[in-house]
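Subject: Handover of a structure and its findings

Dear colleague,

Please find below the structure that I am handing over to you. The findings follow directly after it, grouped by topic.

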Amino acid sequence: MRIAIAGAGNVGRSIAKELVDNGHQVMLIERVPRMVRPERVPAAEWILADACELSSLQEADLSSCDVVVAATGDDKVNLVVSLLAKTEFAVPRVVARINRAENEWLFNEQWGVDVSVSKPRLMAALVEEAVSVGDLVRLMTFRQSEANLVEITLPENAPYVGHPVRDVPLPHDAALVAVLRGRRVLVPTPDDPLEPGDELVFVVTSEMEDAVRAVMLGNNDEDGKQLRGARGKVF
């Protein structure tokens, strides 16, 4: 893919390096001359320009990009870049970085954002995922599909511990996509038994989250909950 990244700070450069290593064509756009350091990511294309200027994006041929990442440390800049990328250049996928939690409500389809990544929410979700047993933790929201990536760590008294996956009556619009067991990542099959401490990763719509929680933890899961953190939030 051809990917443009607005902002060549630590975050932008790190993203660029990962994408280049994965075989993608990356263009970094940075408006501060001292931040233009091609030697940091030599395989990327570097452009000294203001990503909030329509003319600069036209010269960079942004319409040829498959993805635009707004990765600056300024939420206002990231919103403008996202809006221009989507409305003026019809970029298929726009990913935006959120620096301040109170600005999350702005990062939506109206501003051209397909996927937003909130640093505060991400850190909170990772902390909750690490310390929570017996509750559902929401890790990520896929805005285009209105689905969420959620995780449940099974306590010993969960209803389907010891049962194969085929016995679990998951509701519609919910899919078990991975089982994390120790250092292993398992793609679940119908015959795989569930064990205490398994971290179950689901893709599920918001409306079905409570149903998934009820199935995996029991309708009266409050009695057996071993929770040492708050319920997860969207980021």
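**Salt bridges**

Glu102 forms a salt bridge with Arg100, and their closest N and O atoms are 2.7 Å apart. Glu102 itself is partly exposed, at a relative accessible area of 45%. Please bear in mind that the model is a predicted one.

In the whole structure, a search finds 11 salt bridges. A further one brings together the side chains of Asp191 and Arg166, with an N to O distance of 2.1 Å. Asp191 sits in the loop between E11 and strand E12 (199-205), while Arg166 belongs to the loop between strand E9 (147-153) and E10, so this pair ties together parts that are 25 residues apart in sequence. Arg166 is exposed, its relative accessible area being 52%. In addition, Arg181, Glu195 and Asp198 are joined into one network by salt bridges that share partners.

Another salt bridge links the side chains of Asp21 and Lys17, at 3.2 Å from N to O. Where do Asp21 and Lys17 lie with respect to each other in helix H1? They are 4 residues apart in H1 (residues 10-21), which means that about one helical turn separates them. The background is that an α-helix has 3.6 residues a turn, so residues three or four places apart point the same way. Asp21 is exposed, with a relative accessible area of 53%, whereas Lys17, at 45% relative accessibility, counts as partly exposed.

**The chain as a whole**

The protein chain contains 5 helices and 13 strands. Of its 235 residues, 47% count as buried. Turning to contacts between residues at least 6 apart in sequence, 57% of them join residues at least 24 apart.

**The sheet of strands E8 to E12**

Five strands make up an open sheet in the order E8-E9-E12-E10-E11, and their pairing is antiparallel. Its edges are formed by strand E8 (136-142) and strand E11 (184-186), each of which pairs on one side only. On average, and with direction ignored, neighbouring strands of this sheet are turned by 25° against each other.

At one edge, E8 pairs with E9 in the antiparallel sense over 6 bridges. Within this pairing, Met140 stands opposite Leu149 in E9. Is E8 mostly covered or mostly open? Strand E8 is mostly covered, with 5 of its 7 residues buried.

At the other edge, strand E10 (residues 174-181) and E11 run antiparallel and are joined by 3 bridges. Arg181 has Arg184 in E11 as its bridge partner. Arg181 therefore appears twice in this account, since this residue also belongs to the salt-bridge network with Glu195 and Asp198.**Helix H3**

How far apart are the end C-alpha atoms of helix H3 (residues 75-87)? The distance is 18 Å, which agrees with the 18 Å that its 13 residues should span at 1.5 Å a residue. At the start of H3, a side-chain oxygen of Asp74 comes to within 2.9 Å of the backbone nitrogen of Lys76.

The buried residues of H3 are Asp75, Asn78, Leu79, Val81, Ser82, Leu84 and Ala85. Their cover includes strand E1 (2-6), helix H2 (54-59), strand E4 (67-70) and strand E5 (93-98).

**Two residues with positive phi**

Most residues other than glycine have a negative phi. Two residues of the model deserve a mention against this background.

Asp61 is not a glycine, yet has a positive phi of about 55°. Asp61 is located in the loop between H2 and E4 and is partly exposed, with a relative accessible area of 38%.

Asp173, likewise not a glycine, has a positive phi of about 65°. The loop between E9 and E10 holds Asp173, which counts as partly exposed at 48% relative accessibility.

With kind regards

Note on methods. Residues are numbered from 1 along each chain as its sequence is written. This is a predicted model: local features need pLDDT of at least 70, side-chain atom pairs count only at pLDDT 80 or more; totals for chains, interfaces and linings use all residues. Side-chain values use heavy atoms; hydrogens and water are left out. Two strands pair if DSSP finds at least two bridges between them. Helices (H or I, at least four residues) and strands (E, at least two) are DSSP runs, numbered from the N terminus. Axes are lines fitted to C-alpha atoms, for helices over the stretch in contact, and angles run from 0 to 180 degrees between N-to-C directions. A salt bridge is a side-chain nitrogen of Lys or Arg within 4 Å of a carboxyl oxygen of Asp or Glu. Buried means under 20% relative accessible area, exposed over 50%, partly exposed in between (1.4 Å probe, protein chains only). The expected span of a helix is 1.5 Å times one less than its number of residues. Contact means heavy atoms within 4.5 Å. A polar contact is a pair of N or O atoms within 3.5 Å; within protein, one must be able to donate a hydrogen and the other to accept it, and residues adjacent in sequence count only if both atoms are side-chain atoms.
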